[in-house]
Each structure stands twice: as structure tokens, then as C-alpha cells.
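Please look over the sequence and the structure below. The paragraphs that follow go through them part by part.

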Amino acid sequence: MTSKEIRQKFLEYFEKHGHAVVPSSSLVPDDPSVLLTTAGMQQFKQYFTGELDAEKDFGSKNTVSVQKSFRTSDIDEVGDENHLTFFEMLGNFSFGGYFQEKAIKYAYEFITKEMGFEIDYVTIFDGAKLPEGDWRKTGTVPDQQSYEAWRKIFSAEGFSETEFSKHKIRREGVDNFWGPTGSEGPCGPTTEIYMKNIDGKPIEIWNIVFNQYYCDKNKNLTFLETFGEDLGQVGIDTGMGLERLVMVVQGTPTIFETDLFAPIIALLPDEVPVRVKRILADHVRGIAFLIVDGVEPSNKEVGYILR
């Protein structure tokens, strides 16, 4: 299956389940708290907070998109098996529509029924006791709702409670609490889905965020106090890296052998080291998409990143 077919399959699956298809926004966001669009949810932040009405604007409380994204936080890791600066994020979203159980069911059905692949294991938020000095100073409660949703699925698959508790559902700490995107915004506990690549190595494919809190950068509060009040409406924010999914589906050891990168790498001389080829392939794509979205080289902000 080609990367183009996978994109289309994702959009069609969620459109069939009542999601409005929304085009990708620019890599240069309206959100002043960030320089670049780093996640699929960024164009939807005001729908999560209730400032905008998704049903009015899109005809549905639920949306699906393939979002262009750019993160410099992983730039030092580019060239390994699966890290990039520019990537595409497959995402389904809900603004006061459905929540944990349905979001988990959709993800499970898409991977196992639509794509025909197996989930290796999932992680859920088990609360967190954070280091002294972290602005989020206290612990938070475990996400039992996600555990129950996955337990129901894995029980139906025939796994015993001992098996799925030990091997299929893993409880994690702060890594399974996502957000906000930028300095403030919606956030909440997450469940992450792992699949095995061709070498049998588990790869995180899909992150499902259960937005239910709001982080306010202007309040000097502890973790529990900051996230002690509801967002106002619960929301679903998911992100699945297209490149990683294509790697698993196409059975390649890294993302750079997929049809998204192989044609670029094939143009490079044989004597160029493998890691350098991968970095060049990533940067070429990133440069192209930044320029298409109107960015020009400069000595500040987004222009400096391009330069």
C-alpha cells in the first residue's frame, strides 16, 4: 500500500464515521505561542476551548485531517530510524462529541480491521510524581477509563487479565500526559499505541490525547491546581505519524526506505554516508514545505529555521 493510499484510507475511515475532513493548515500558524505548526490539533485549539463552534464551521463536532507539521526539538535525532523535522500527522478530533472509549475503539478498528495489523501493546497514564523544582509539583490520578476501554478490547481478543495487564497495557507516568501545545492550552492524559516494525522493534505509532484540562501560563500553580478545573468540554486529539505508519505497512526497517523518502535518497551519490543521506532527505522535504507556505530565509524566527 502506498503512502498516498494510506492517507486516503485514514480520511475515508473517519469520514465514514461522521468526521468532517478538514484540510491541513499552514506550517506557519496563527497561534502566537509557537513558531511553527507542531501538531494536528493546533488549528483546532479554539474549538477545544469552546471559543469556536466546530458544528457550525465544519458541520460536525468531529473532524479528521492530515496535518503538515514541523518540530525542531528532534533535530539532533534525525537520521535514525524514525525521527524527522517535517512530517505529516494523521489525526481525528472531537470537540464535545465522543471521548475515551470511542476514540480507543476507532483506533483499534482502524489498525486491526481496516489496515489488518496487530497492536503490540498500549500505554496509559498512571499518574505522576514529578521531580522537585518542576513547575508541575504534585501527582495526578491514574487514567482508569482508558484502562477499562483497552481491557474490554483485549478481553474480547481472548487475552486473560494477567496477560493484558502485564503485556498489552503498560502504565506510564508523565510521558503519558500531553500538552499544552505551546506555552498554554488544552491538555490531558494520553494512551499511546505501539506496533512492531519489520525487525520486531516496538514503535510508537499513535498518540490519543484526552483533552479535559487547560494550562494557563499566567498562573503559578501546582500540577493538580493547574489541571484541577475542567476544560469546559472534553475533547479528543489524536496524532499518528504518517511516516511511521507507512514504515510498518510497507515493511521497511526505517522510514527512509519507504516511498516517501526512497526517491530522494536514490538521487544522492553512493559515497554519501547513510545517516547524511537521511538528514538531507528530511531537510529537503522540510525546506520545500516551508517555502511553499511562504517562509523566506532570514536571521530571525521561522526564517532562521529555514535558513
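Which residues of helix 4 are buried? They are Gln100, Ala103, Ile104, Tyr106, Ala107, Tyr108, Phe110, Ile111 and Thr112. The model is a predicted one. Helix 4 covers residues 100–114, 15 residues in total. From its first C-alpha to its last it reaches 20 Å, close to the 21 Å expected at 1.5 Å a residue. Just after helix 4 comes glycine 116, with a positive phi of about 75°.

The whole chain gives the setting. The protein chain has 11 helices and nine strands, and 50% of its 307 residues are buried. Among contacts in the protein chain with a separation of 6 or more, 67% are between residues 24 or more positions apart.

Strand 4 comes next. Five of the five residues of strand 4, residues 121–125, are buried, so the strand is largely enclosed by the rest of the structure. Both of its faces are covered. Tyr121, Thr123 and Phe125 lie on one side, Val122 and Ile124 on the other, and all of these are buried.

Strand 4 pairs with strand 7 and with strand 5. With strand 7 the pairing is antiparallel and has four bridges; here tyrosine 121 stands opposite tyrosine 194. With strand 5, residues 169–172, the pairing is parallel, again over four bridges. In that pairing valine 122 stands opposite isoleucine 169.

Isoleucine 193 is a residue of strand 7. Is isoleucine 193 buried or exposed? Its relative accessible area is 0%, and therefore it is buried, the cut-off being under 20%. Leaving out residues up to four places away in sequence, isoleucine 193 touches Ala107 and Ile111, both of which are among the buried residues of helix 4. It also touches Tyr121 and Val122, which are buried residues of strand 4. The other residues that isoleucine 193 touches are Ile119, Trp150, Ile203, Glu204, Ile205, Trp206 and Ile208. Isoleucine 193 and tyrosine 121 are 72 residues apart in sequence, but their C-alpha atoms are 6.4 Å apart in space.

Another part of the chain to follow is helix 10, residues 274–292. Helix 10 has 19 residues and a reach of 28 Å from first C-alpha to last, close to the 27 Å expected at 1.5 Å a residue. Its buried residues are Lys277, Arg278, Ala281, Asp282, Arg285, Gly286 and Leu290. An α-helix has 3.6 residues a turn, so residues three or four places apart point the same way. What covers the buried residues of helix 10 includes strand 2 (62–70), strand 3, helix 8, helix 9 (262–265) and helix 11 (301–306). Glycine 294, just after helix 10, takes a positive phi of about 90°.

Within helix 10 lies aspartate 282. Aspartate 282 counts as buried because its relative accessibility is 0%. Which residues does aspartate 282 touch, not counting those up to four places away in sequence? They are Val78, Leu84, Thr85, Phe86 and Phe261. Aspartate 282 and histidine 83 are 199 residues apart in sequence, while the distance between them is 9.1 Å, C-alpha to C-alpha.

The pockets remain. The largest pocket holds about 960 Å³ of space. It is lined by 39 residues, and the closest to its centre are Arg71, Asp74, Phe87, Met89 and Trp178. Two or more lining residues come from each of strand 3 (86–95), strand 8 (202–215), strand 9 (230–241) and helix 8 (242–250). Strand 8 gives the most, with seven residues. By class, the lining of the largest pocket has 17 nonpolar, 13 polar and nine charged residues. Strand 3 and helix 8 thus appear in this lining and also in the cover of the buried residues of helix 10.

The second largest pocket has a volume of about 410 Å³. Its lining has 20 residues, of which Asp30, Asp31, Gln42, Lys45 and Gln46 are the closest to its centre. Helix 2 (45–48) and strand 7 (185–196) are the elements that give two or more residues to this lining. Which element gives the most to the lining of the second largest pocket? Helix 2 does, with three residues. The lining of the second largest pocket divides into seven nonpolar, eight polar and five charged residues.

Technical notes: Residues are numbered from 1 along each chain as its sequence is written. This is a predicted model: local features need pLDDT of at least 70, side-chain atom pairs count only at pLDDT 80 or more; totals for chains, interfaces and linings use all residues. Side-chain values use heavy atoms; hydrogens and water are left out. On a 1 Å grid over the protein atoms alone, a cavity is a set of points where a 1.4 Å probe fits but cannot get out, and a pocket is an open set with protein on both sides within 12 Å along at least five of seven lines; lining residues have an atom within 4 Å of a point. Grid points are joined across faces, edges and corners, and a volume is the space filled by probe spheres set on the points. Ala, Val, Leu, Ile, Met, Phe, Trp, Tyr, Cys and Pro count as nonpolar, Asp, Glu, Lys and Arg as charged, and the others, Gly among them, as polar. The expected span of a helix is 1.5 Å times one less than its number of residues. Buried means under 20% relative accessible area, exposed over 50%, partly exposed in between (1.4 Å probe, protein chains only). Two strands pair if DSSP finds at least two bridges between them. Contact means heavy atoms within 4.5 Å.
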